[in-house]
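Colleague: I would like to learn how to read a sheet and a helix contact in a model. Could we go through one case step by step?

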Amino acid sequence: MDGGPHPRNIASTSTPATPVRRHSQQMLVTPSMVKKRRKPRGSNTFHLPGPPPVLVLPGRQYFAQQIASNTNPRHDVPPSDPIDQDRPSFYDDVHFFSNPSAPRSFRSDGRQKKFNQWQCWSNEVIPSLIGPYLTYQCKSSSLRHRPVYQNDHVECTASCHRKTLEVTCVFFNYLEVLNIDCCPCAPAPLQLLKLGLFACAPIAPSLAVDLRVLELVRTLFVRITPNTTAWCEALEVFLTARGYKLSTKDNLRRRFSNAYHWYSVLVTNAEDHIYSLISQHLPSRSLGDEVLPTQPSNYLRSHCPVCFGMQDWQKDHGSRLKLDCHVCIDACFTQKRSANSRGADGLDPPNPTRSVFISDEEVARMEAHVRACRGSLPGRGTKRKKPEGDEDGYEDGMRIPVSTLDACGESFLAADEKREKASTRFFADTGIMALLCRHDCVLWLVNMTSAGEKQYYALALIKKLFEHLPPTMTVGILYDIACQLEHSCLKYQLLEQGVLSRIVFSISVFHAYGHQWPCQLIYHPRKCEGFGLSDGEGCERLWSALKMLIPPLRVSGYHQRLFVLNAQVHHLDGKNLDTFGEWLSRRWTRCQTKKSSAEHVLRQLSVDEANIRPEWRAQVEHQTKPLSRRSKTNNDEQISKILTLEQTLSNLDDSVRALEMQLCAGNTLNIAALGIGQLTDLQQLRRSIFLQIRLDAQAVKARLRERLRQRKFEIERFERSYRQTVNEHKLHVHAEASIQRCNPTIRKLVSTYNNLCGKLIDLIRRGEAPAGAIAPHSISPTGIFQLDVDDDIWQDVGLDGNDMAPPAWLADENMRAAIKFQLEVDRCNEEGARIMRERCVLQEWTMAEWDALQEARTHADENEDLCFHFDLRARLLSGLVVHWQSQVRPIPCAWPLPDSWGPTPNDLAEAANMYYQPSCLDGTAAVYDSENDWESDDKRENDELIDELEEAALAGAYMDLDSDSYDI
């Protein structure tokens, strides 16, 4: 990674960091065994001591003794190149001396060198720098000032060999060259860190970067597409214009990238160290192999305090909440990684940081489990085939019939595991699957390597979630093909019964249109009890936030890709933490508005609530019934053929006998295939024009519904154009053209259907329709493309042939509207109860965090560095409380809570001043001049004035609390 000559020379003579050697033997090395390589420039300056010579030949040639190890390499160490298979295994540790006064070393293989550097960074350097980094943060006030550092020489007690390194230091506006005397007692990275610099190499760096520069880049690269090449090029041009010039081409990029990467690793480990010290004082949450967790784990608590931060998750268990938490699952096939035929994975070792990715071993175990479960039943991987005359019905405890499941499976590509969404030939990693809570906080991710969306990825996420939950906690899972996933779990027993019984499946709102109407009645979150107003589209928002990483991660290494995604997820979780109060306030306002509107409509309808719920249950029961007896040929087609023959007979009187013979000879089987009900329908159709028109209208509406669903799938692909790459531009253009071609056809079908409805209404008005016939609803062309769950396109009123004593949910318009708005009121009640609960959980989490923070500070009272970081975290937590309190004040509590959120009035007053009274760097109050602001207008100025007055009043309130505390 280092581009300078000195680190390259030092690293080439270093031995691997693995301390254990097995089956070692001593060997003598001859010059013919050493592959000649070009000597690195400047390598005569520094060297590590070589092994002593054991044999001297004429010509002053020395042979060195070396230990060769037969230890099996680790799985993450790449094999050597094929052309070097005959090379001795001890080649990287060989030293051949032709001059005893000038030893030289040969450079090791590039892959082994990078692995050695990774081991040194991970096992030695980074752990040793956490303490000094926290100390420098304290002395520099979080990198605000540069402390004065006394460069005292470290006394070596072990008589270490000292060496002097010339290090180029990169600052914002200049370069500086430092000479550092280093030894094992005072390594170069440690000395540079005390100076506020971070080294580019673990042993002998030739470049170091200012921590403030690295912190700026780290903050910037989670908000834009990370691009160290462009940053380094811009920095080089900037420094060159000011007279600072690097000696070699492309020198800064390689070494800066290395420094930036390991600085990010150091910051992540330092943050984890501080949080681990605080979490030791949190209430105990049992989690292990032998002890079941009594509360959600600390891992879940740290990722979403609102969902899992409660002190007792069973508190307020008698409320209207059927589910304890909501999560959503979805896959993204645009976050791919290209396959490298030259084996780039070997140059990309894993990083010693926390990760939200489930390990490959866990995914492999779940894949093997799914294969074993499915292999135990016959017909694995084959489509269900119904014999002639088989009945439609329910399977394995499902609430929707098999015909509906088949139709939903054909609608979604995700339901077809064999369909390729990304080529495994060109991509080593085909995408990622995410598990998020309802607040869009990432809980876990899975790296996908298959061409299709396999179910074992979702099952691995679900299994991981329930390992961190109490044994009786219930979960609502929103997934775009939840019906197919639940069916597989029930049929093949993919999940334990204790887990499956605590899950309620639902489909995400955005994907509901692709499901059949019976499936929507059971799985739509607006019609399924317990889901409130959760939409299940958090994953879509996550993919939008990660879209900027698609180009760079397409060509990155495996572990580097996971590291960048982890960093971005950590940044998004921090943003979500800041906006929890705003999120709760926005959802509460929206919930109350929807509830008020729905209740107003219900009062106007004057329908008794006691009659609404039975009618809704009757509708669900009727519309989720299995289809009647089916034959291999469609009954309606047979009826249409017979009607055609009847019309031909009436028009051709001269051929009556011949046509009757043809009917008896060629179509007797068609009539015999009909059941008693179908024969009755045939006789009625022969005599009734109304029934013939109604059959046509039903067929037109079914065709219209399918066309609208297909258009929605096309427009979904079009709306996700932000994920399109250059190679998918043709697909994007094709989708757009397909949408435009479908529109005239759909409008024509709407017009045809409405004309048929008009004829049916006219026949009913003239009394030429069967008794009790219901006029079907016409379809308005306005909003036809929305496909909302309550649109008339889903309802077959007056078209299903059930004319005898139609139920109120079908024939009564007021009852139909009352059912719709009563369900909306029920979901709003659930949402309101959940928001009230989450508001209490947020306060309880804050109180527990504050108490643990104060206790941790008490135990670290003598450690100035830890106290600084604990105080810094306390100020951040106080600022969050100030922001959250103002947002959630209108939301009532689900259970009694104290007025205090943890921080004292003094802490809140200080945080309010920091948040709501900005000042200039010199300490004077900030003055804003909006006279020349061309974007300002009267409305915006008034809104800003109101906001400033509210913030000033809030800050004043905390100041009053502060003054009152002094009077006590």
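Colleague: To begin, how many helices and strands does the chain have?

Modeller: This is a predicted model. The chain has 30 helices and 14 strands.

Colleague: What share of the residues in the chain is buried?

Modeller: Of the 968 residues, 47% are buried. As for the surface, the chain exposes about 49,000 Å², with carbon and sulfur atoms supplying 52% of that area.

Colleague: What part of the contacts with a separation of 6 or more comes from residues 24 or more positions apart?

Modeller: Such residues account for 77% of those contacts.

Colleague: Now the sheet. In what order do its five strands lie?

Modeller: Read the order across the sheet, not along the chain. Here it is β12-β11-β8-β13-β14, an open sheet with mixed pairing. The edges are β12 and β14 (503-506), each of which pairs on one side only. From one strand to the next, the twist averages 20°.

Colleague: Which strands pair with β8, and in what sense?

Modeller: Take each neighbour in turn. With β13 (residues 475-479), β8 pairs in the parallel sense over five bridges. With β11 (residues 431-437), the sense is antiparallel and there are six bridges. Both senses occur around this one strand.

Colleague: Which residues are the bridge partners of Cys325 and Val327?

Modeller: Individual bridges fix the register. Cys325 has Val475 of β13 as its partner, while Val327 is matched with Cys437 of β11. Further along β8, Ala331 stands opposite Met433 of β11.

Colleague: Are the residues of β8 buried or exposed?

Modeller: A strand has two faces, and each should be checked. β8 spans residues 325-332, and eight of its eight residues are buried. Cys325, Val327, Ile329 and Ala331 point one way, and His326, Cys328, Asp330 and Cys332 point the other way. Both sets are buried, Asp330 and His326 included.

Colleague: How many residues of β11 are buried, and which way do they point?

Modeller: Seven of seven are buried in β11. Gly431, Met433, Leu435 and Cys437 point to one side, with Ile432, Ala434 and Leu436 on the other.

Colleague: What links β11 to β12?

Modeller: A hairpin is read from its pairing and its turn. β11 and β12 (residues 442-448) pair in the antiparallel sense over six bridges. Four residues lie between the two strands, and Asp440 in the turn has a positive phi of about 65°. Within the ladder, Ala434 has Leu445 of β12 as its bridge partner, and Gly431 stands opposite Met448.

Colleague: Turning to helices, at what angle do the axes of α11 and α12 cross?

Modeller: Look at the distance and the angle together. The axes of α11 (residues 455-467) and α12 (residues 482-492) come within 11 Å and cross at roughly 80°. Angles from 65 to 115 degrees count as roughly perpendicular, so α11 is roughly perpendicular to α12.

Colleague: Which residues make the contact, and how do they divide by type?

Modeller: On the α11 side they are Gln455, Ala458, Leu459 and Ile462; α12 supplies Gln484, Leu485, Ser488 and Cys489. The residues of this contact divide into five nonpolar, three polar and no charged.

Conventions:
Residues numbered from 1 in each chain as written. Predicted model: local features only at pLDDT ≥ 70, side-chain atom pairs only at ≥ 80, totals over all residues. Heavy atoms only, no water. Buried < 20%, exposed > 50% of the residue type's maximum accessible area, 1.4 Å probe, protein only. Pairing = 2+ DSSP bridges. Contact = heavy atoms within 4.5 Å. Areas by Shrake-Rupley, 256 points an atom, 1.4 Å probe, with all protein chains shown as cover. Axes fitted to C-alpha atoms, helices over the stretch in contact; angles between N-to-C directions. Parallel < 35°, antiparallel > 145°, perpendicular 65-115°, else oblique. Nonpolar A, V, L, I, M, F, W, Y, C, P; charged D, E, K, R; others polar.
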